[in-house]
Amino acid sequence: MPFVPHTTEDVAAMLSVIGVDSVEDLFDEIPSELKTGALAQIPGALSEMEIGRLMSERAAADGRPLSFLGAGAYEHHIPAPVWAIATRGEFYSAYTPYQAEASQGTLQVIYEYQSMMCALTGMEVSNASLYDGASALAEACLTAVRANRSSTARKILVPRALNPTYLKVAEAIAGKQNLVFESVDFDRAQGRTPIDVLRPYEGRDFAALVVQQPNFFGVLEDVDALTDWAHAQGMLLIAVVNPIALGILKPPGRWGSGKGADIVCGEGQPLGVPLSSGGPYFGFMTTRMSYVRQMPGRIVGRTLDSDGRPGFTLTLQAREQHIRRSKANSNICTNQGLTVTAATIYLSLLGAEGLARVATASLARTRDLVAALTGLRGVRAVFSGPGFHEAVLSLDRPVAPVLAALAQRGILGGLDLSEQFPELGHALLVCATETKTDDDIARYARTLAEI
Amino acid sequence: MSEPTGDLPKDLKYTKSHEWVRTLADSSIEVGITDHAQGALGDLVFVEVPEVGRTLSAGAACAVVESVKAASDIYSPVDGRVVASNAALATTPELVNQAPYTEGWLIRIAVDASAPPPALLDAAAYARYLAEETN
């Protein structure tokens, strides 16, 4: 079936009603030099049989490596019901239907998702999700600049221990809106961001401080001290968190001695979304009610219909692009409906106890992994600070060839940090989740020893 | 649409973007939106006013009024500095609907005396402008 179901006759009938000769004429206000010609890079159409075969071959080329790679996307066990339910026809739509009259089920799922994210992060209001964790941080920074009315600076303080990809994305999105990011260094011994490195910024105008917990190195930041410091400086505190870690860590809404983090965001992929070539994932964002009008994205609310029955509908839409046009909070006016549905089912199945068990098991597996690998000659742990399910190891030789040799033996050994953090030397970021067994860890150690 | 020229207070000045301006005893000005504007927006659910001390430029957006169906910018009629904002609107934005020319005021501005005086309409001129616009 063609994607656009109009027949040639349908199109001709519609054009004649509005008095236009051709579909191209509808786009004549776009200058011709801006229009692309033929899409030369796009190959010709394939049949279903041909495309199925091509994709199978490409998937097989990936193999089924044993992965100790994290760095922002994490392999967790996904209970079978998650995608069995998420792929039901009622949910598995190419687009998220928002029409309250026709979409109560979808809207309720989003509402339940928002409620879960509020509970998990300790905040008052959640949006319906954003594209991914990195773009959620960009939007959080823009939100902070709008929300922090005691600051006139469009400046954000970010730790160097933040996922570098997140900073690149935030700069690409928010930099175009004149936000400036300044990086603060981390402690070389502990791998976290000490208050001391923030002292030079005291008395200077920044809209917000970003804190990632756990940080990119897997190390736990002293979030209470950082939150109190930011608030004492009149900055908002943007928390970037791993939702699995929140199964056992204090929610950002309770960081510090005051009202906690102001905006919380992060990558939702660990909650039931598979590692599929980098996406689609989803970003989450929660905040306090007092900042709700500065938050981007869709929000589903619970209300009563004209007969007094409970129901769900989009709310606070005046912030959004289709109402506020160029002055909307964001040009992103959608959400990641399907992956959010999976995450909602995942969290429903696990509950608070299950999430804590996943987090605890991941932490334990990573300790086992670090112990096994640092038992080898030439391998040592770089940081002494407490961590979650990732750790930085240093090798006695360049990391890239080691990772290549491991990959040849079916192991994804982690992320080579030497390019992004040259000051750490031959540094390797490794991760183990609850999916890794004693045998898996022993195999990694044995293979590494052989290389 | 009903005849919009009804009860325009004669002591106020008006803008084509539907703000009203009242000159106070200390020569600062009070700014709100007209009855016509609040009627067009519908029930207001949120009003965002600028911080006291903020510098404003004539014609630049300085506040936001949000109804259930739209959010609209309010433009400063003058160059100046915000000396007060209507704190009651944070919890009772409907004051703008109920009493647009009195309790529903938005901000008070100390006018920058060095700037050229703004081109404002009197009640009769604003009434004619509304009549033209609605036709």
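Biologist: How far apart do the C-alpha centres of domain 1 and domain 2 of chain A lie?

Modeller: They lie 28 Å apart. Keep in mind that this is a predicted model. Domain 1 of chain A is assigned as 66-74 + 352-450, and domain 2 as 81-344.

Biologist: How many residues of domain 1 of chain A are in contact with domain 2 of chain A?

Modeller: Start with the cut-off: a contact needs C-beta atoms within 7 Å. Here 22 residues of domain 1 of chain A meet 21 residues of domain 2 of chain A.

Biologist: Which elements give two or more residues to the domain 1 side?

Modeller: H9 and strand E12 (390-394) of chain A do. H9(A) has the largest share of that side, with six residues.

Biologist: How do the residues of that side divide?

Modeller: On the side of domain 1 of chain A that touches domain 2, 13 are nonpolar, eight are polar and one is charged.

Biologist: Now the interior. Which residues touch the most other members of the largest nonpolar core?

Modeller: That core has 121 residues, and Cys141(A), Ala144(A), Ala208(A) and Ile238(A) touch the most other members. Helix H9 (residues 337-374) of chain A gives the most to it, with 15 residues.

Biologist: Why does this core lie between domain 1 and domain 2 of chain A?

Modeller: Both domains give residues to the core, so it lies between them.

Biologist: Which residues does Cys141(A) touch, not counting residues up to four places away in sequence?

Modeller: Cys141(A) touches Ile156(A), Ala170(A), Ala174(A), Leu179(A), Ala208(A) and Ile238(A). Another core lies apart from the largest one. It has 22 residues, including Val47(B), Leu56(B), Ala63(B) and Ile109(B).

Biologist: Step back to the whole chain. How many helices and strands are in chain A?

Modeller: Chain A has 11 helices and 15 strands. Its radius of gyration is 24 Å, close to the 22 Å that the globule rule gives for 451 residues, so chain A is as compact as a globular protein of that length. Of its 451 residues, 43% count as buried. Among contacts in chain A between residues at least 6 apart in sequence, 76% join residues at least 24 apart.

Biologist: How many residues does the contact take from chain A and chain B?

Modeller: It takes six residues from each of the two chains. The chain A side has two nonpolar, no polar and four charged residues.

Biologist: Last, what ipTM and pTM does the model score?

Modeller: The ipTM is 0.78 and the pTM 0.89. Chain B averages a pLDDT of 91, and 96% of its residues score at least 70. Where pLDDT is low, do not read the predicted coordinates in detail.

Note on methods:
Residues are numbered from 1 along each chain as its sequence is written. Chains are lettered from A and ligands numbered from 1 in the order in which they are written. This is a predicted model: local features need pLDDT of at least 70, side-chain atom pairs count only at pLDDT 80 or more; totals for chains, interfaces and linings use all residues. Ala, Val, Leu, Ile, Met, Phe, Trp, Tyr, Cys and Pro count as nonpolar, Asp, Glu, Lys and Arg as charged, and the others, Gly among them, as polar. A nonpolar core is a set of buried Ala, Val, Leu, Ile, Met, Phe, Trp, Tyr and Cys residues joined through C-beta atoms within 7 Å. A residue is buried if 20 or more other C-beta atoms lie within 10 Å of its own, exposed if 12 or fewer, and partly exposed in between; C-beta atoms are placed from the backbone. Helices (H or I, at least four residues) and strands (E, at least two) are DSSP runs, numbered from the N terminus. Domain bounds come from an automatic or database domain assignment. pLDDT is the predictor's confidence in each residue, from 0 to 100. The radius of gyration is taken over C-alpha atoms; the globule rule is 2.2 Å times the number of residues to the power 0.38.
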